[in-house]
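Visitor: I'd like to know how the labels on a structure are earned. Could you take me through some of them?

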Amino acid sequence: IDFFPAGETQWTCTFENLPRFDSNGVAYVYSVKEVTVPGYETGDVHVTDPAHPEQGFSLTNTKMTQLTVKKFWRGTENNTPGSVTVQLKYYTADPNVRYNIPGSIQSAAELNAENGWTYTFTNLPQYVEVDGKYVKCTYVAEEIRIDGIAVKNADFTVHHEDEIIEKDANFHDQTTYQTTITNVQNMTITGTKTWVDNGNAYGTR
């Protein structure tokens with residue numbers, strides 16, 4: 001059955017005129033099952049009162065999303081590191097206030113040449129509960145290690161570019177997220193200063 005109106009957060013429907021007993025007087029046992037909804041995770045069906053199934057059933061659909069991380073290198077030539085580790089984060093209102101991912105969700109991944117320097121975190125809930133209300137999450141990724149070395153101690157400048165993809169054709173035309181990380185190899189330049197002024201004879205240094 002599929003006739004619910006859009007734009008509502010709690011939907012109900014009623015199956016009417018269902019026979020209670022079969023021809024032998026045995027009571028029917030009714031249940032409901034939802035067809036998979038793209039972009040949503042469907043929870044278990046709960047009976048309102050097991051002793052009185054006629055009181056109905058309930059189920060919850062959780063809006064899901066995903067984040068793809070892409071990695072690029074600049075200036076490494078033939079000396080590209082073997083791997084980097086990225087950490088998944090999210091924010092709700094302020095992009096500068098980021099939160100760690102709950103323990104039940106994968107929060108880190110390794111990028112390397114074998115996986116094409118890209119990874120997608122899937123099955124991410126689009127909303128989190130804050131002070132009794134559900135608020136929308138925006139997911140981002142941060143690079144935390146290069147070949148096992150903390151980013152702050154590695155010889156690279158790391159740039160992060162976060163993007164919201166409003167209608168991702170690869171995800172049911174629904175919202176997803178992408179972080180592009182570019183590492184630029186640092187370099188050291190050494191120079192020598194020579195003064196030709198007769199030993200600072202004119203006091204101009």
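Guide: Gladly, starting with accessibility: buried means under 20% relative accessible area, exposed over 50%, and partly exposed in between, with a 1.4 Å probe and protein chains only. This is a predicted model, where local features need pLDDT of at least 70, side-chain atom pairs count only at pLDDT 80 or more, and totals for chains, interfaces and linings use all residues. Residues are numbered from 1 along each chain as its sequence is written, and side-chain values use heavy atoms, with hydrogens and water left out.

Visitor: Why is F15 called partly exposed?

Guide: F15 has a relative accessible area of 45%. Partly exposed is the class between under 20% and over 50%, so F15 belongs there. F15 sits in the segment before β1 (40–42); strands are DSSP runs of E with at least two residues, helices runs of H or I with at least four, numbered from the N terminus.

Visitor: What makes W73 and W117 an aromatic pair that is edge-to-face?

Guide: Rings of Phe, Tyr and Trp (its six-membered ring) pair if their centres lie within 6.5 Å; planes under 30 degrees apart count as stacked, over 60 as edge-to-face and the rest as tilted. The centres of W73 and W117 are 5.4 Å apart with 80° between the planes, and that fits the edge-to-face class. W73 is in strand β4 (residues 61–74) and W117 in the loop between β7 (108–112) and β8 (118–125), 44 residues apart.

Visitor: How do you know that W73 is buried?

Guide: The relative accessible area of W73 is 13%, and W117 is likewise buried at 13%.

Visitor: Why is the pair of Y139 and Y177 edge-to-face?

Guide: Their ring centres are 6.1 Å apart and the planes stand at 65°, so the pair is edge-to-face. Y139 lies in strand β11 (residues 138–146) and Y177 in strand β14 (residues 174–185), 38 residues apart. Both Y139 and Y177 are buried, and with Y90 and Y99 they form one aromatic cluster.

Visitor: What makes K193 lie over the face of W195?

Guide: A charge sits over a ring if NZ of Lys or CZ of Arg is within 6 Å of the ring centre and within 35 degrees of the ring normal. K193 is at 4.6 Å from the ring centre of W195. K63 lies over the face of Y40 at 5.5 Å.

Visitor: Why does N17 count as exposed?

Guide: Its relative accessibility is 76%, so N17 counts as exposed. N17 also has a positive phi of about 60° although it is not a glycine.
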